[in-house]
Amino acid sequence: MYSRIKSGSPLGIDGMAVTVEADISQGLPSLSMVGYLSSSVREAGDRVRTALKNSGYGLPPRRITVSLSPADVRKDGAGYDLAIAVSLLCCMGVLSPEGFEEYLFLGELGLDGSVREIPGVLAVAHFASRQGYRKLVVPVNNAAEAACIDGIEVYGVDSLPEVVAFLAGELELVPTPRDTGRTIPQGRYHDIAEIHGQRIMKRGVEIAVAGFHNILMTGAAGAGKSLMAKCLPGLMPEMTYEEQLELTKIYSVAGLLRGQGGLMRLRPFRSPHANVSAAALLGGGAIPKPGEVSLADCGVLFLDEFPEFGRGVIEGLRAPMEDQEVTVSRVKASYRFPAKFMLVAARNNCPCGFYPDRTRCRCTERQIIDYQNRISHPIMDRIDIRIEVRPVEMEDLLCQKEEEHSSAVRARIEEARARQLVRYEGEEFRFNSSVPQTRLQEYVRLGEEESELLQREYRKGALSARGYFKVLRLARTIADLAGRETITCEDLTEALFFRNGGFSGEEGGEAV
């Protein structure tokens with residue numbers, strides 16, 4: 001007897017449908033699994049057989065064949081167990097397959113027949129709703145996660161006998177309600193008022209967040225670079241529903257939701273250690289998973305002690321910084337993971353961290369040069385804002401004047417972001433930093449005086465071709481913060497100041 005049931009699997013952060021076919025026929029007793037399967041899927045035969053037996057549905061001593069299609073895409077994970085079990089139960093006559101066309105089954109089976117949670121359910125649920133499936137049967141711990149998707153009924157189940165009773169009409173299950181107000185806890189952000197002084201660094205960060213520009217802070221240890229980085233997510237406007245859904249799908253595929261329902265509403269802050277591998281940072285592995293650049297999607301990727309990261313790891317950031325996504329290619333499939341992160345990097349001036357204070361720094365000139373050259377020019381050129389952070393002045397530490405809070409800075413940033421949303425309505429990009437080079441002339445118009453200023457800087461060798469366009473994008477953001485559509489020489493001068501390594505602290509003066 002033959003049956004066919006639908007299941008699904010994440011493919012990157014998208015989903016794909018997997019058809020589970022089962023056939024029980026005359027022949028020597030066996031259970032064959034086919035369809036380009038990983039070892040974890042091949043082991044499903046033993047898991048499902050034992051789960052059925054312990055649930056009171058022993059398989060007959062016949063020749064049993066289970067096929068998972070499409071056969072040219074590798075299947076990984078244990079999420080097909082439930083669909084395989086339901087398909088076999090239909091072949092055995094325990095269930096009637098009629099009416100199952102709009103169902104999609106996901107879940108891992110324990111040997112006792114329990115249904116266990118799996119990663120990537122949200123991505124499959126989103127795919128299922130777009131493909132016209134109306135009912136999704138998932139582990140009860142994944143039900144709240146899948147219920148974030150509108151237009152699909154999600155049924156959470158605990159065990160295989162419960163699934164059988166529900167499908168046979170002997171048990172009524174209530175679809176998991178869609179709780180649009182539920183939020184996945186993500187911790188808290190620091191307030192920029194915790195940082196004393198450092199007006200230039202704060203200004204550079206405000207510009208960076210307003211236009212979603214990458215930023216590098218270089219300076220002595222203890223000047224506030226790491227604390228400033230932790231303040232950045234709190235300066236960013238609230239995420240849109242599309243951003244929340246995309247980020248939550250990434251964490252679902254990575255297996256980091258752990259049974260939590262709702263959407264991630266706070267922007268992420270990821271700070272991997274310097275010994276992180278390229279696969280962990282960029283994504284990949286035997287079963288491709290999103291890396292740190294994708295887990296920081298719509299938020300901040302903070303790389304502290306930037307030169308201490310491996311050369312290959314740092315150079316691997318080139319493509320994600322430009323394309324805002326990571327593609328992991330395999331022989332039979334490609335996995336796409338979004339990576340629209342804001343890179344925030346911090347480093348010292350030398351290995352000991354005291355340069356340029358020669359009273360304490362004992363590094364040789366060669367050591368300092370080698371340390372700073374660990375970051376290649378192509379990577380540095382992709383960083384829009386570069387700030388030299390000086391130590392905090394004692395007067396600033398002792399000053400009783402209250403510093404400006406994140407809420408005030410965020411209000412200005414939200415106004416600048418609103419101008420960008422209106423300007424780029426209908427475009428694929430939303431931030432000044434993402435405007436394609438071929439489209440810059442449409443959105444960044446310079447007068448004669450402004451054009452001459454940039455031409456002089458370019459002829460002096462202060463800018464590369466990429467740097468020239470970076471300055472234009474920065475100037476566009478600075479003008480947006482000022483509430484102007486026209487870009488002035490003052491905007492360009494400030495953009496050049498931050499592009500070329502402006503000083504932070506009282507010694508450096510204010511930006512023009």
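**Exercise 1.** In this predicted model, are Phe100 and Tyr103 buried or exposed, and how are the rings of Phe100 and Tyr103 arranged?

*Solution.* Begin with accessibility: Phe100 and Tyr103 are both buried. Turn next to geometry, where a pair of aromatic rings is described by the distance of the centres and the angle of the planes. For Phe100 and Tyr103 the centres lie 5.7 Å apart and the planes stand at 70°, so the pair is edge-to-face, given that angles over 60 degrees count as such. Finally, place the pair in its surroundings: Phe100 and Tyr103 belong to one aromatic cluster with Phe105, Tyr155 and Phe166.

**Exercise 2.** Classify the ring pair of Tyr468 and Phe469, and assign each residue its burial class.

*Solution.* The ring centres of Tyr468 and Phe469 are 5.2 Å apart with the planes at 85°, so this pair is edge-to-face. As for burial, the limit is 20% relative accessible area; Phe469, with 18%, is therefore buried, whereas Tyr468, at 25%, counts as partly exposed.

**Exercise 3.** Describe the largest nonpolar core and the contacts of Val344.

*Solution.* The largest nonpolar core comprises 54 residues, and Ile215, Met342 and Val344 have the most contacts inside it. Its largest share, 8 residues, is supplied by helix H20, which spans residues 465-481. Leaving aside residues up to four places away in sequence, Val344 touches Ile215, Met217, Ala229, Leu232, Val300, Leu301, Phe302 and Leu303. A second core, separate and made up of 44 residues, has among its members Ile24, Leu68, Val86 and Leu95.

Technical notes. Residues are numbered from 1 along each chain as its sequence is written. This is a predicted model: local features need pLDDT of at least 70, side-chain atom pairs count only at pLDDT 80 or more; totals for chains, interfaces and linings use all residues. Side-chain values use heavy atoms; hydrogens and water are left out. Rings of Phe, Tyr and Trp (its six-membered ring) pair if their centres lie within 6.5 Å; planes under 30 degrees apart count as stacked, over 60 as edge-to-face and the rest as tilted. Buried means under 20% relative accessible area, exposed over 50%, partly exposed in between (1.4 Å probe, protein chains only). A nonpolar core is a set of buried Ala, Val, Leu, Ile, Met, Phe, Trp, Tyr and Cys residues joined through side-chain atoms within 4.5 Å. Helices (H or I, at least four residues) and strands (E, at least two) are DSSP runs, numbered from the N terminus. Contact means heavy atoms within 4.5 Å.
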